[in-house]
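Please look at the sequence and the model below before reading on. The report that follows moves from two packed helices to the chain as a whole, and then to a few of its residues.

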Amino acid sequence: MSDISKLTSNQIAEHVDSTDGFLSKLSFYKALALIAFAQQGKQPTLKLLENCIQELPKPQLGEPRELNALRMQPAQDDVLTISETLDKLLDRDTVQVELIPEKKGLFLKHVEYQLTSQRYKISVYRRYSDFDILHEVLLQRFAYRVVPALPPKRMLKAVLTSISEREFIEGRRRALGRFINLVARHPLFSEDELVKTFLTFSGSDVQTKLRDTCKKLGDEFMTNRTATLAKEYLPADMQAQFATSREMIRNIHSSFQKLRDRAEKMAERSKENATDLLMFGRELSTLGSDASPLPSLASSLSTWGTLRQSLKSLSVEFAVLSDKASQQGRREEDDVVEKLNLFLDLLQSYSDLCERHERGVLHEHQKALHKYSILKRQMMSATVQSKEQVSVEQLESRIVQQESAIQTMELRNYFSLFCLHQETQLLFTYLPITSHILGAFVNSQVQGHREMGEVWNELQLKLGCLFGGKNGLKLPI
């Protein structure tokens, strides 16, 4: 609209401070003044502005009507699409969560966790209640994003009968580790002051710090630059896309739950195998340790006496086999089951987000519309019945307030859909973790079978030496 050359426009842009394609109010006024100088045929420089002692000149930009017809272009080409890969997400941070139990008396009364962030190169100490507050403020600030759920704080009485308290505490440690890693790798959460505070603040009261930070920052709808424009970025068939994606993710969730259950059973079998191998070796040792003389009924040709002495030494190999089987179980649990649980936590948080959208924003919007229709009916009734002016004015005021509330809710609804679209993309970005899980599963099996195979081969050779080749390999049944 200013009819100045591209070269002059570029010169003005260089003199104006902009961040991420946005102008501050002062920079905007500077730009307008420089445009006006350029239209007067002057060279647009900051020195010209500094020497201007009168009112700054106004640029010629045509009729206001024509300006209103222009649309403000978004700063990014496509703000709806997230440009992330799984490797980028995983590289954002890795947070180690270790148990630091405090013993008071005979039982564990209080558990503390040491968190070490690879990104911030710092360790902090947190309790479960600190995680609980982080979860609370994340939901307040990012109500329309996938905030992972926390594990339960305490065991139910029914659970106590099936697992020990120590097993529960270890399971909770793993779950808290998955929670904070999903949070620390989220494109938005990872750059937010709340998460940085949680991972780095070493003061005495992190909970108050988190609450104060959340109050200062406000919720995402109030701070996100695209929040009120979300409707314009959404595709026309957004609802259909969302329904299709949600159904697909629901099926993926179901399949991954079954994969996790099978992987857990395999890990448990490896641990049981370790116990059985150890007990098998001990029984052989018990047999070999029997020093009782052979009874006279035994044949003089019996080799049991010599064989019995040899059995005792075999318990060493079976102890090694037990250890290898135990390591195999731990690998399956740490490398396979844990990765499956991480993705399942993300899938569940996505499901929770969809429910929050439907029961929260949509439900509140419908309630507001219903209330608005009631107020309108009351207004019509008051007008027809010629009620007092004060009563009519109060109704008018309430209707205006309700209209404003509905408008805000509509904007929030579109922003919620905007966020849902992005979070759906995030979930699909995580899907290639399947190859990581399969790789870990295959590698654990290859390593486990190779290590145990080596011990079995050594045991086979030992049996040949001890029993002269008559080790039962070719014994007819």
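The crossing of helices H1 and H2 is right-handed, where a crossing is called right-handed if the near helix is turned clockwise from the far one by less than a right angle, and left-handed if anticlockwise. Helix H1 (residues 6-15) and H2 pack at an angle of about 145°, with their axes 10 Å apart; axes are lines fitted to C-alpha atoms, for helices over the stretch in contact, and angles run from 0 to 180 degrees between N-to-C directions. Thr 8, Ile 12 and His 15 of H1 make the contact with Ala 31, Leu 34, Ile 35 and Ala 38 of H2, contact meaning heavy atoms within 4.5 Å.

This is a predicted model, in which local features need pLDDT of at least 70 and side-chain atom pairs count only at pLDDT 80 or more, while totals for chains, interfaces and linings use all residues. Residues are numbered from 1 along each chain as its sequence is written, and side-chain values use heavy atoms, with hydrogens and water left out.

The secondary structure of the chain comes to 17 helices and five strands; helices (H or I, at least four residues) and strands (E, at least two) are DSSP runs, numbered from the N terminus. Of the 477 residues of the chain, 37% count as buried, where buried means under 20% relative accessible area, exposed over 50%, and partly exposed in between (1.4 Å probe, protein chains only). Among the contacts in the chain with a separation of 6 or more, 73% are between residues 24 or more positions apart.

One residue with such distant partners is Arg 145, which lies in the loop between helix H6 (128-141) and helix H7 (157-160). Arg 145 counts as buried because its relative accessibility is 2%. Leaving aside neighbours within four places in sequence, Arg 145 is in contact with ten residues, among them His 186, Glu 220, Leu 353 and Glu 423. The C-alpha atoms of Arg 145 and Ser 416 are separated by 8.4 Å, although these residues are 271 residues apart along the chain.Side chains of opposite charge can pair when their charged atoms come close. How many salt bridges does a search of the whole structure find? The search finds 23, a salt bridge being a side-chain nitrogen of Lys or Arg within 4 Å of a carboxyl oxygen of Asp or Glu. Three of these pairs are set out below.

| Salt bridge | Closest N to O distance |
|---|---|
| Arg 141 and Asp 192 | 2.8 Å |
| Asp 334 and Arg 174 | 2.7 Å |
| Lys 324 and Glu 451 | 4.0 Å |

The salt bridge between Arg 141 and Asp 192 links distant parts of the chain, with Arg 141 in helix H6 and Asp 192 in the loop between helix H8 (165-184) and helix H9 (193-200), 51 residues apart. Arg 141 counts as buried because its relative accessibility is 9%, and Asp 192 counts as buried because its relative accessibility is 7%.

The salt bridge between Asp 334 and Arg 174 also links distant parts of the chain, with Asp 334 in helix H15 (residues 315-384) and Arg 174 in helix H8, 160 residues apart. Asp 334 is partly exposed at 36% relative accessibility, whereas Arg 174 is buried, with a relative accessible area of 18%. Both residues belong to a network of salt bridges that includes Glu 170, Lys 271 and Asp 345.
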